[in-house]
Amino acid sequence: MPKKRILHGRIVLKDDIISGYLEVENGKITGISLAKPAISTETEFFDYGSQYIFPGFIDAHVHSFSNPDEGFEATSIGAAVGGVTTFVDMPYDRPHPIDNAAQFNQKAAKIAGHSVVDIALWGTIPKVDGVSEIPGLVKAGAAAFKMSTFETDPFRFPKISDVDIYNSLALLKHSKIITAFHSENNEMIVELIRRLKEADKVYPRAHMMSRPIIVETTAVQRLCEIAKWTGGKLHIVHVSAPETVDIIEAYRQQGVDVTCETCYQYLLLDVHDLERMGPRAKMNPPLREPETVSGLWQRLAAGKINYITSDHVPWPAEAKQKGDQNIFLAPSGLPGIELLVLAMFDAGVATGKLSPQVFAQLLATNVAARFGFKNKGQIVLGKDADFAIIDPSQTTTITDAGLHTRTDAITPLAGKTLAGQVTATWLRGRPIYQRGQVVAPMDYGEFVPGAEFGNQLAPGGDGLVFEA
Ligand SMILES: [Zn+2]
């Protein structure tokens, strides 16, 4: 008989926080109560006192294979340490992106034996004739599709044409599957970088100057138009400016199915951090002016940003150093999966800007809902018993050397002491991390299939065909 476990603490429910008890059995939540349930010899009891019991957090934006030697194991350990019980891994793997069903199945098979948390996977499409790969990827269990309007790499991370974007959204419109975009205006960025380099402006701030807000707004507006005319499901990743959120909101008002996320770095850091720290604080889109950051917080407080992710991509310090004299030579991205939850807890919950319930929505519930992960994201009866236990009375100091993903990575949060500490993480009914140790085996994490796993895609219209 599998053991029954009972947890006591401040349980964060959808609209309420209760000091109560959770019963879990066979990996599921089987009881939520104010009164203490009977505890027998068959029951294991975990008393978390006045600590918060949150639903297990979900990081929807993680790159485990964007640099060659990270991989699922290290990422999953970072996740468990940081209170993340499920992550959704991006498709831009080296050397080959996840742009067909065979690649997808190979990657999904790598999860078994190599993760302590649950993992869902993004798919993408090739630059040329890519739309035909979508049905196979949906059937194989892709959680969603990621595409880009900016060409990071012509093979691995290509710019997709408006025609293929239109046809993809049209094809997927009757499914539950969203299509998400890295949305930056390719033509503008290429020209701005050329001019800045020509003028020998290669200092850290030049990275922001090469990607002004108009680069994001023009790309997003175009995608919203395509979503509007196809009726497709659009999501915009790593929104960095309030102006972008306002465009998305205006299209929502017209009934367009569009959501967005921002990342912790756009809420916690600004361009002065980029100036001070250089490559360590370089990512795409770039850090922006302090007034832009406060505008993003306003939109977050107004409920116009659906969730928060990390865009985790930890580069070794050595790679980042290439940009010390010329910011354009540094790789973009930063570690995040183990920092996301506490960084936002410190800036949001501890300051009183976000209630614990809203925090749970932004980092778990809304993510599960948008992807259609029906067993995840909320503390309700019948869902997976995934929890993050946070002690608000303790603190956590961030250092480069203390990172669990890549230990040679560097974070712009190094040296900061954050309010709160993740004291335990639970996945499907058992602790996977407690008292500073990972306590589940590497074969515990499972593949979380997309909402249309196994399904044949229903036709979504004729794509880009106009009547003569
Ligand atoms: Zn990303």
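A salt bridge is a side-chain nitrogen of Lys or Arg within 4 Å of a carboxyl oxygen of Asp or Glu. The exercises below concern a predicted model.

**Exercise 1. Decide whether Arg-211 and Glu-184 form a salt bridge, and establish where each residue lies and whether each is buried or exposed.**

Solution.
1. The closest N and O atoms of Arg-211 and Glu-184 are 2.8 Å apart. The cut-off is 4 Å, and the pair forms a salt bridge.
2. Arg-211 belongs to the loop between helix H6 (205-209) and helix H7 (213-230), while Glu-184 belongs to the loop between strand E9 (179-182) and helix H5 (186-198). The two residues are 27 residues apart, and the pair links distant parts of the chain.
3. Buried means under 20% relative accessible area. Arg-211 counts as buried because its relative accessibility is 4%, and Glu-184 is buried because its relative accessible area is 1%.

**Exercise 2. Carry out the analysis for the salt bridge between Glu-289 and Arg-205.**

Solution.
1. The closest N and O atoms of this pair are 2.6 Å apart.
2. Glu-289 is found in the loop between helix H10 (271-277) and helix H11 (290-301), and Arg-205 in helix H6; 84 residues separate them.
3. Values from 20% to 50% are classed as partly exposed. Glu-289, with a relative accessible area of 22%, is therefore partly exposed, and Arg-205, at 23%, is therefore partly exposed.

**Exercise 3. Describe the surroundings of Asp-386 and identify the salt-bridge network that includes this residue.**

Solution.
1. Asp-386 lies in the loop between helix H14 (356-371) and strand E13 (387-397). The residue counts as buried because its relative accessibility is 6%.
2. A polar atom of the Asp-386 side chain lies 2.8 Å from the backbone nitrogen of Arg-428.
3. Beyond residues up to four places away in sequence, Asp-386 touches several residues, among them Phe-54, Thr-85, Lys-376, Trp-426 and Arg-428.
4. Lys-376 also meets Asp-384 in a salt bridge, at 2.9 Å from N to O. Both Asp-384 and Lys-376 are buried.
5. Salt bridges that share partners join Lys-28, Asp-118, Lys-376, Asp-384, Asp-386, Arg-428 and Glu-446 into one network.
6. The count for the model comes to 23 salt bridges.

**Exercise 4. Identify the donors of the zinc ion and explain which parts of the chain His-61 and Asp-311 tie together.**

Solution.
1. The zinc ion is coordinated by NE2 of His-61, NE2 of His-63 and OD of Asp-311, at 2.0 to 2.2 Å.
2. The spacing of these donor residues in sequence is H-x1-H-x247-D.
3. His-61 is in strand E5 (residues 57-62), and Asp-311 is in the loop between strand E12 (307-309) and helix H12 (317-321); the pair therefore ties together parts that are 250 residues apart in sequence.
4. His-61 and Asp-311 are both buried.

**Exercise 5. Characterise the nonpolar cores and state which helix gives the most to the largest one.**

Solution.
1. The largest nonpolar core has 110 residues. Residues with the most contacts inside this core include Phe-54, Ile-236, Met-344 and Phe-359.
2. Helix H13 (residues 340-349) gives the most to this core, with eight residues.
3. Ile-236 can be examined individually. Neighbours within four places in sequence aside, its contacts include Phe-181, Val-220, Leu-223, Ile-248 and Val-258.
4. A second, separate core has 17 residues, including Ala-60, Trp-122, Tyr-307 and Phe-373.

**Exercise 6. Compare the lengths of H7 and H11 with their expected spans, and determine which residues of H7 are buried and what covers them.**

Solution.
1. H7 has 18 residues and reaches 26 Å from its first C-alpha to its last, close to the 26 Å expected at 1.5 Å a residue.
2. The twelve residues of H11 should span 16 Å at 1.5 Å a residue; the end C-alpha atoms are 17 Å apart, which agrees.
3. The buried residues of H7 include Val-215, Ala-219, Val-220, Leu-223, Ile-226 and Ala-227.
4. Their cover includes helix H4 (162-172), E9, H5, strand E10 (233-236), helix H8 (242-253) and strand E11 (257-263).
5. After H7 comes Gly-231, with a positive phi near 75 degrees; after H11 comes Gly-303, with a positive phi near 80 degrees.

Definitions and conventions: Residues are numbered from 1 along each chain as its sequence is written. This is a predicted model: local features need pLDDT of at least 70, side-chain atom pairs count only at pLDDT 80 or more; totals for chains, interfaces and linings use all residues. Side-chain values use heavy atoms; hydrogens and water are left out. Helices (H or I, at least four residues) and strands (E, at least two) are DSSP runs, numbered from the N terminus. Buried means under 20% relative accessible area, exposed over 50%, partly exposed in between (1.4 Å probe, protein chains only). A polar contact is a pair of N or O atoms within 3.5 Å; within protein, one must be able to donate a hydrogen and the other to accept it, and residues adjacent in sequence count only if both atoms are side-chain atoms. Contact means heavy atoms within 4.5 Å. A nonpolar core is a set of buried Ala, Val, Leu, Ile, Met, Phe, Trp, Tyr and Cys residues joined through side-chain atoms within 4.5 Å. Donors are N, O and S atoms within 2.8 Å of the metal (3.2 Å for Na, K and Ca); water is not among the atoms, so sites may look incomplete. The expected span of a helix is 1.5 Å times one less than its number of residues.
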